[in-house]
Amino acid sequence: MNKLKFEQLAGMNCHYAHYPFTYYLDSIAEVGVKNVEVWAASPHLHVDDVTHQKAQEARCAIQDRGLKLICYTPETVVYPVNIAAPEEDIRKRSLAFESRGIEITAELGCRMMLVTSGWGYLNQNREESLGRAMEGLAYLTAKAEREGVLLALEHLSPISSNLINTAQDLRQAVDEISSPNLKAMLDTCQVGIVHEHVRDYLELLGKDLVHVHLVDGTPGGHLAFGDGNLPLKEFVDTLGEYGYEGCLSMEIADRRYFMDPRQADRQSIETFKSWIQ
């Protein structure tokens, strides 16, 4: 059986939100991970705060620690960003926000940016909301093509969105946009919430699956490895079996880890190592 490699693991900063950006980078370097995915929420490279100069400073800070930025991830679920909004002003602002995110991704020397579909109002027609989301994704993909950035489309849980939740939803969206600059990614918590398996995504998406958020949950929660009840070892074995070659970001986000985020990373790393030996 093929196995994943430790070098595919990436550290995220969600649980470092109460520490400076440089503390997060120092922590990831200290625990031995070489890849980082930056969840771009204040105070860490939030889109609205990043000038070209700040992007260059952050790029140097990452490189100086021997780290590689594998994905820039603007916050688009908690913040007031929704490319599927029926209100034109919200939709335009959201597209401008994510367009600037694409520019920042390029300025950071990063290949990939995460995007989501937004959401539709639950008392309104889903297909109309999905249509606006797809128009927005097409607009952003055209921008990404010009900037040389790959967009990784993440499915969301039904709690967060009623638009793109499953492997089939991702397949349809990627097929509709039909661009080498828009591909799909999965989050193991979302997989568990919709009662699917990573195998469903690997079989349906194949090489169009370019990124993974590997995280434990119950099934939701975004917990450190071992703190939930998702079959993460089975997921890891399956990803290896199918020859998945992309990165796996530890999207640990529960506030229980905010005081000592480095320990949550250590726990997850040691658990992951035991699975791939």
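What covers the buried residues of helix 8? Keep that question in mind as we walk through this predicted model, and let us begin with the helix itself. Helix 8 spans residues 232-241, and it is mostly covered, with 7 of its 10 residues buried. Those buried residues are Leu232, Phe235, Val236, Asp237, Thr238, Leu239 and Gly240. Their cover includes two strands, strand 7 (209-213) and strand 8, together with helix 6 (188-193), helix 7 (198-205) and helix 9. Just after helix 8 you will find Gly243, whose phi is positive, at about 75°.

Helix 8 also takes us to a cavity. The count comes to 1 cavity of 30 Å³ or more, and the largest cavity has a volume of about 30 Å³. Try finding its lining in the structure: Asn2, Lys3, Leu4, Val236, Asp237, Gly240, Trp275 and Ile276. Which helix gives the most to this lining? That is helix 8, with 3 residues. Helix 8 and helix 9 each supply at least two residues of the lining. By kind, the lining residues divide into 4 nonpolar, 2 polar and 2 charged.

Now follow helix 9, which covers residues 261-276 and holds Ser268. Is Ser268 buried or exposed? Its relative accessible area is 0%, so Ser268 counts as buried. Leaving out residues up to four places away in sequence, Ser268 touches Ala224, Phe225, Met250 and Ile252. One of these partners leads us on to the next stop, since strand 8 is made of residues 247-250.

Strand 8 pairs with strand 1 in the parallel sense, over 3 bridges. Within this pairing, Leu9 has Leu248 of strand 8 as its bridge partner. Strand 1 also pairs with strand 2 (residues 35-40), again in the parallel sense and over 3 bridges. Here Met12 stands opposite Glu37 of strand 2. If you look along strand 1, which is residues 9-12, you can see Leu9 and Gly11 pointing one way, while Ala10 and Met12 point the other way. All four are buried. Between strands 1 and 2 runs a path that you can trace by eye: strand 1, helix 1 (residues 21-31) and strand 2 make a right-handed β-α-β unit.

Next, travel past strand 2 to the loop between strand 2 and helix 2 (52-64), where Thr51 lies. Thr51 has a relative accessible area of 40%, so this residue is partly exposed. Beyond residues up to four places away in sequence, Thr51 touches Arg100 and Glu107. Look at Glu107 in particular: Thr51 and Glu107 are 56 residues apart along the chain, and their C-alpha atoms are separated by 9.7 Å.

Our last stop is Leu150, in strand 5 (residues 150-154). Why is Leu150 called buried? Buried means under 20% relative accessible area, and Leu150 is buried because its value is 7%. Setting aside residues up to four places away in sequence, its contacts are Arg111, Met112, Met113, Pro180, Asn181, Leu182, Lys183 and Val210. For another distance to check, take Leu150 and Phe97, which are 53 residues apart along the chain and have C-alpha atoms separated by 17 Å. Val210 also brings us back to our opening question, as strand 7 (209-213) is among the elements that cover the buried residues of helix 8.

Terms used. Residues numbered from 1 in each chain as written. Predicted model: local features only at pLDDT ≥ 70, side-chain atom pairs only at ≥ 80, totals over all residues. Heavy atoms only, no water. Buried < 20%, exposed > 50% of the residue type's maximum accessible area, 1.4 Å probe, protein only. Contact = heavy atoms within 4.5 Å. Pairing = 2+ DSSP bridges. Right-handed = clockwise from strand over helix to strand, strands pointing away. 1 Å grid on protein atoms, 1.4 Å probe; cavity = no way out; pocket = protein on both sides within 12 Å on 5 of 7 lines; lining within 4 Å. Points joined across faces, edges and corners; volume = space filled by probe spheres on them. Nonpolar A, V, L, I, M, F, W, Y, C, P; charged D, E, K, R; others polar.
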